[in-house]
Amino acid sequence: MTTTHHYQQLITLFDRCFSDEFQTRLIKGDDEPIYLPADEESPWNRVVFAHGFYASALHEISHWCIAGEARRKLVDFGYWYCPDGRDAQTQSQFEAVEVKPQALEWMFCVAAGFPFNVSCDNLDGDCEPDRIGFQRKVHAQVMSYLENGIPSRPARFIQELGTFYNTPPLTATQFPWPEDLC
């Protein structure tokens, strides 16, 4: 099993899976992550992740895997994003749209043998997020994917990660119930 995780590995694996069919590349960014569709600057759609962070790349790939064809033509998939510093209502909205991406991210992490940490992403907010409650929702989505099938793009990437990192196929036992993570 490969124990060193480097963002360049993800770039290679992502490109192997998706560059030809989807004209999409994974790109190391210097600042905030963003998705950029092909434009005058580049013939490629670009999934840009933050600062060369391996975890950021996996998270941004998860958002790309969820976005449908129409959304993949829009900057940042046309999604709403409210930065850190959210109130309770806005935090709840943020978590609702993050369940599926973070479920895929967790699956990618397990397939790569890389630690997963759920992200409530609200360090400066005026409310304390329910981290365990949110992770339970993410866990439920992982279980749903395992029981009902993983969509084709994330399934392809999970397979590629598992092959590269020599990890076993995903099973429910690899995803502990959130209280077990303490």
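Which backbone oxygen does the side chain of R46 reach at 2.8 Å? That of P37, and this polar contact is a handy way into the model. A polar contact here is a pair of N or O atoms within 3.5 Å; within protein, one must be able to donate a hydrogen and the other to accept it, and residues adjacent in sequence count only if both atoms are side-chain atoms.

A word on the ground rules: this is a predicted model, where local features need pLDDT of at least 70, side-chain atom pairs count only at pLDDT 80 or more, and totals for chains, interfaces and linings use all residues. Residues are numbered from 1 along each chain as its sequence is written, and side-chain values use heavy atoms, with hydrogens and water left out.

The protein chain comes to five helices and three strands, in the order α-β-β-β-α-α-α-α from the N terminus on. Helices (H or I, at least four residues) and strands (E, at least two) are DSSP runs, numbered from the N terminus. Of the 182 residues, 46% count as buried. Buried means under 20% relative accessible area, exposed means over 50%, and partly exposed is in between (1.4 Å probe, protein chains only). Contacts, meaning heavy atoms within 4.5 Å, often link distant parts of the sequence: among those with a separation of 6 or more, 64% are between residues 24 or more positions apart.

Back to R46, which lies in strand β3. R46 counts as buried because its relative accessibility is 10%. Besides P37, the side chain of R46 also reaches the backbone oxygen of W44, at 3.1 Å. Leaving aside neighbours within four places in sequence, R46 is in contact with R25, I27, I34, Y35, L36, P37, A38, D39 and E41.

N45 is found in strand β3 too (residues 45–49). With a relative accessible area of 15%, N45 is buried. A polar atom of the N45 side chain lies 2.9 Å from the backbone nitrogen of A38. Not counting residues up to four places away in sequence, N45 touches F22, Q23, T24, R25, Y35, L36, P37, A38 and R72.

N45 also helps line the second largest pocket, together with F22, Q23, T24, Y35, P37, E69, R72 and K73. This pocket has a volume of about 160 Å³. On a 1 Å grid over the protein atoms alone, a pocket is an open set of points with protein on both sides within 12 Å along at least five of seven lines, and lining residues have an atom within 4 Å of a point. Grid points are joined across faces, edges and corners, and a volume is the space filled by probe spheres set on the points. The lining is an even mix, with three nonpolar, three polar and three charged residues. Ala, Val, Leu, Ile, Met, Phe, Trp, Tyr, Cys and Pro count as nonpolar, Asp, Glu, Lys and Arg as charged, and the others, Gly among them, as polar.

G29 sits in the loop between β1 (24–28) and β2 (34–36). G29 is buried, at 8% relative accessible area. Its C-alpha is 5.5 Å from that of H51, although the two are 22 residues apart along the chain. Neighbours within four places aside, G29 is in contact with V48, F49, A50, H51 and G52.

On to the helices. Helix α2 (residues 54–66) has 13 residues and reaches 19 Å from its first C-alpha to its last, close to the 18 Å expected at 1.5 Å a residue; the expected span is 1.5 Å times one less than the number of residues. α2 is mostly covered, with 11 of its 13 residues buried, including H59, W64 and C65.

In helix α3 (residues 88–112) lies V99, which is buried at 14% relative accessible area. Beyond its neighbours within four places in sequence, V99 is in contact with F134, K137, V138 and Q141.

Helix α5 (residues 152–165) has 14 residues and reaches 20 Å, close to the 20 Å expected. Its buried residues are R153, P154, F157, I158, E160, L161, G162 and Y165.

Finally, a backbone quirk. Most residues other than glycine have a negative phi. N166, in the segment after α5, has a positive phi near 55° and is exposed at 57% relative accessibility. D76, in the loop between α2 and α3, has a positive phi near 50° and counts as partly exposed, at 29%.

Key
1 Å grid on protein atoms, 1.4 Å probe; cavity = no way out; pocket = protein on both sides within 12 Å on 5 of 7 lines; lining within 4 Å.
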